[in-house]
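Hello,

Here is the structure I said I would pass on. My notes follow it.

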There are 2 protein chains.
Amino acid sequence: MRIGELAAQAGMSRDTIRFYEKVGLVTGRRLANGYRDFPPEAVPWLHYVRTAQTLGFSLAEIARHGEELREAPDSAQALSVLFEQKIQVIDARMAELATLRAELATRVDTGCPLRAIGRPS
Amino acid sequence: MRIGELAAQAGMSRDTIRFYEKVGLVTGRRLANGYRDFPPEAVPWLHYVRTAQTLGFSLAEIARHGEELREAPDSAQALSVLFEQKIQVIDARMAELATLRAELATRVDTGCPLRAIGRPS
DNA sequence: CTTGACCTTGGACCGTACTCCACTGTTTAG
DNA sequence: CTAAACAGTGGAGTACGGTCCAAGGTCAAG
């Protein structure tokens, strides 16, 4: 799969994919003519990258997670550990959001002005 | 309140506060000697800025919301609307997280590698 | 054999959000 | 009176995440 098709499938620009390749987020082989050739798995992987990004993970973090996965690719147990770690990160993020949500919900009821927000301990 | 104390109270650097003033996120008067003088409300406001930021709002958005609030400062209802909007943003983010979490949880059980993640529709 | 769509590279540029620096002025404590 | 601790300014630099562009190579269709 060449870069244009991958870009279309992943919903991002060719430039972005080249940038991602540069920072190690995607890898592909080269055809004889120098064109990049990506495997079909690149499509779901890039979708995953977008998702993780909107969840607040930096490209560096995402790349690192990807490498960890590639380093222990055949151990289902190793994979499970990694997934569990990620889930913990997600749970922490969700807890933060829940706290903020509760704070805001209180203000909705009281009409308490913004200046009083975030006045914790 | 001078910039150093505000920085300490708000948990950010003086430079950051000067930067925020430059982009209109905080305003303060000036003392005779040229020093900035911030009102006490600047402290919770900056805490709020930090909060909103972690929710994914850009400084420009936060500044704009702040202006909207200053334009209708005595309407508890207007405030509630804004808070409700923010809560919706939070809920959307939490839902996304829950989705990713569920995806990952599935992989934990199956040991199915990441390349199969995000293979939607 | 040209046209157009695709690909390559390197490098410049952008917006966001700071962070650091040098140099200078002000205030406060001993 | 002096030294430290604070304040001011302007401007450069950083990190991240792209985005755009020019100059050129490749390939399939007409």
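Below are the conventions, the surface near DNA strand D, and the confidence of chain A.

This is a predicted model, in which local features need pLDDT of at least 70 and side-chain atom pairs count only at pLDDT 80 or more, while totals for chains, interfaces and linings use all residues. Residues are numbered from 1 along each chain as its sequence is written, chains are lettered from A and ligands numbered from 1 in the order in which they are written, and side-chain values use heavy atoms, with hydrogens and water left out.

DNA strand D has 19 residues around it, of which A:Asp15, A:Tyr20, A:Gln53, B:Arg14 and B:Arg36 come nearest (near: a heavy atom of the residue within 4 Å). Of the strand D atoms within 4 Å of the protein, 77% belong to sugar and phosphate.

By class, the surface near strand D has 6 nonpolar, 7 polar and 6 charged residues (nonpolar: Ala, Val, Leu, Ile, Met, Phe, Trp, Tyr, Cys and Pro; charged: Asp, Glu, Lys and Arg; polar: the others, Gly among them).

Phosphate oxygens of strand D lie 2.7 Å from a polar backbone atom of B:Gly4 and 3.2 Å from a side-chain N or O atom of B:Arg18. A polar side-chain atom of B:Tyr35 is 3.5 Å from a sugar or linking oxygen of strand D.

Chain A has an average pLDDT of 82, and 81% of the residues score at least 70 (pLDDT: the predictor's confidence in each residue, from 0 to 100).

Regards

Conventions: Polar contact = N/O pair within 3.5 Å; in protein donor to acceptor, adjacent residues only side chain to side chain.
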